[in-house]
Amino acid sequence: MTLPERRRRPDTLLVMDAGWLGTLFGEAELARLGELATLGEPLAAHELSSPAARRRLATAEVLLTSWGCPRLDTEVLAAAPRLRAVLHAAGTVRPHVTDAVFDRGILVTTAAAANAEPVAQYTLAAVLWAFKKVPFLAAEARRFRTDWSYRDTHGELSGRDRTVVLVGFSRVGRRVTELLVRLDVARVLVVDPVAEPAAIRAAGAEPATLADALPRADVLSLHAPALPETRHLIGAAELAALPPESVLINTARGALVDTAALEHACAAGALHAILDVTEPEPLPDASPLYDLPNVVLTPHIAGSLGSETRRMTAAALDELERYAAGSPPLDPVTRESLAVQA
């Protein structure tokens with residue numbers, strides 16, 4: 001999008017952890033920001049209580065936020081009388097957006113859709129490898145070496161006529177559905193009590209309840225938000241309902257799974273797990289999940305990292321451009337939507 005010369009440039013302050021600033025904003029992103037907004041000194045803040053930060057808050061119309069933004073509570077908002085928009089260059093806004101923001105009628109947007117893409121790609125790779133138990137067989141190759149008998153100890157190693165159960169028709173869940181349907185490699189069941197069944201069917205998947213879906217799952221992949229009602233959604237009973245040799249993938253939130261129950265199930269040997277998130281995070285040194293050959297742990301890498309984060313920067317700058325032009329936001333967050341989102 002090209003900025004017309006007469007379009008207004010709202011006073012904008014970047015608010016995020018200092019370590020993320022250089023990752024999210026390269027020369028091109030800073031140049032575009034300068035075209036879209038009026039900037040001051042400091043350009044960015046990682047806290048909002050110092051005199052310098054308060055001087056910028058006093059004039060800021062837009063906060064462009066990301067990881068590490070402090071909570072925007074009543075005290076902060078009192079220091080920002082001109083604030084009209086909080087545009088987030090990351091996913092969830094839960095850590096910093098409070099009810100006070102919505103009470104003031106301040107626009108809130110998220111770049112969660114941009115952040116969903118690398119998570120969906122990680123999940124797709126995990127699903128495809130899970131069909132043939134690739135990461136688990138690769139780990140065992142170091143021990144068995146020339147004795148290939150271990151190949152026959154993980155169930156059917158097939159990528160055809162399998163069933164993938166996705167818990168959560170979130171941005172990531174929708175994208176994973178799209179990728180799996182496009183590849184035509186599996187039946188996709190979606191468990192989400194909030195999503196419209198018609199929308200799930202339109203995406204090429206089948207709506208299902210958790211109780212009905214679990215016994216059919218060759219792969220169970222979690223994409224639900226961390227809410228009080230979803231805490232330990234997958235516990236001992238749910239894990240026991242999964243077929244032998246099934247694979248649990250969690251790229252969402254560690255709190256969706258009862259860690260003690262998962263440790264027990266994986267130690268018993270019938271369940272495999274690919275975990276990018278855990279509860280707690282990281283796991284304590286003594287967790288048996290580190291040493292189990294049927295468990296793969298990655299250090300929360302599925303979401304945007306490195307140059308991937310600039311996809312979220314671009315999304316936030318798109319929102320800034322639309323805000324300045326008086327156009328509706330592409331991905332707004334409301335008090336109501338936040339109650340059911342990550």
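1. A good place to begin is helix α7, residues 134–144, which lies across the strands β10 (247–250), β11 (272–275) and β12 and runs at about 100 degrees to β11. Please keep in mind throughout that the model is a predicted one, and that everything in this note is therefore read from a prediction.

2. The strands crossed by α7, namely β10, β11 and β12, belong to an open sheet of 7 strands, whose order is β8-β7-β6-β9-β10-β11-β12 and whose pairing is parallel. Because β8 (206–207) and β12 (295–297) stand at the edges with a single partner strand each, one side of each is left without a neighbour in the sheet. As general background, the strands of a sheet pair through backbone hydrogen bonds, and they may do so in a parallel or an antiparallel way.

3. At the β8 end of this sheet, how many bridges join β7 to β8? There are 2 of them, and they connect β8 to strand β7, residues 186–191, with the two strands running parallel. Within this pairing, V190 has P207 in β8 as its bridge partner.

4. The UniProt record, in an unreviewed entry, assigns residues 127–302 to "domain: D-isomer specific 2-hydroxyacid dehydrogenase NAD-binding". Over that stretch the chain is 31% helix and 16% strand, while the C-alpha atoms at its two ends are 13 Å apart.

5. A second UniProt annotation, again from an unreviewed entry, is "domain: D-isomer specific 2-hydroxyacid dehydrogenase catalytic", and the record lists residues 54–333 for it. Here the chain is 37% helix and 14% strand, and the end C-alpha atoms lie 25 Å apart.

6. There is also an open sheet of 5 strands, in the order β2-β1-β3-β4-β5, and its pairing is parallel. Its edge strands are β2 (44–45) and β5 (107–109), each of which pairs on one side only. Further in, strand β1 (residues 12–15) is joined by 4 bridges to strand β3 (residues 62–65), and these two run parallel; in this pair, L14 stands opposite L64 of β3.

7. Which helix lies across β1, β3, β4 and β5? The answer is α13, residues 309–325, which runs at about 155 degrees to β4 (85–88). The helix α13 appears again in the lining of the second largest cavity, to which it gives the most, with 3 residues.

8. On empty space, rolling a probe the size of a water molecule over the atoms shows where such space is left. The count comes to 2 cavities of 30 Å³ or more. The largest cavity holds about 50 Å³ of space, and its lining, which includes N250, V257, L262 and E279, has 4 nonpolar, 4 polar and 1 charged residues.

9. The second largest cavity holds about 30 Å³ of space, and it is lined by L87, L107, T109, E319, R322, Y323, S327 and P329. The elements that give two or more residues to this lining are β5 and α13. By class, the lining of the second largest cavity divides into 4 nonpolar, 2 polar and 2 charged residues.

10. Finally, the second largest pocket contains about 190 Å³ of space, and, of the 13 residues that line this pocket, L239, A240, A265, A270 and L271 are the closest to its centre. Both α11 (236–241) and α12 (259–268) supply at least two residues of the lining, and α12 provides the largest share, 4 residues. Is the lining of this pocket mostly a matter of nonpolar, polar or charged residues? It divides into 11 nonpolar, 2 polar and no charged residues.

Definitions and conventions. Residues numbered from 1 in each chain as written. Predicted model: local features only at pLDDT ≥ 70, side-chain atom pairs only at ≥ 80, totals over all residues. Heavy atoms only, no water. 1 Å grid on protein atoms, 1.4 Å probe; cavity = no way out; pocket = protein on both sides within 12 Å on 5 of 7 lines; lining within 4 Å. Points joined across faces, edges and corners; volume = space filled by probe spheres on them. Nonpolar A, V, L, I, M, F, W, Y, C, P; charged D, E, K, R; others polar. UniProt positions renumbered as here; feature names shortened; annotations may be inferred. Pairing = 2+ DSSP bridges. Contact = heavy atoms within 4.5 Å. Axes fitted to C-alpha atoms, helices over the stretch in contact; angles between N-to-C directions.
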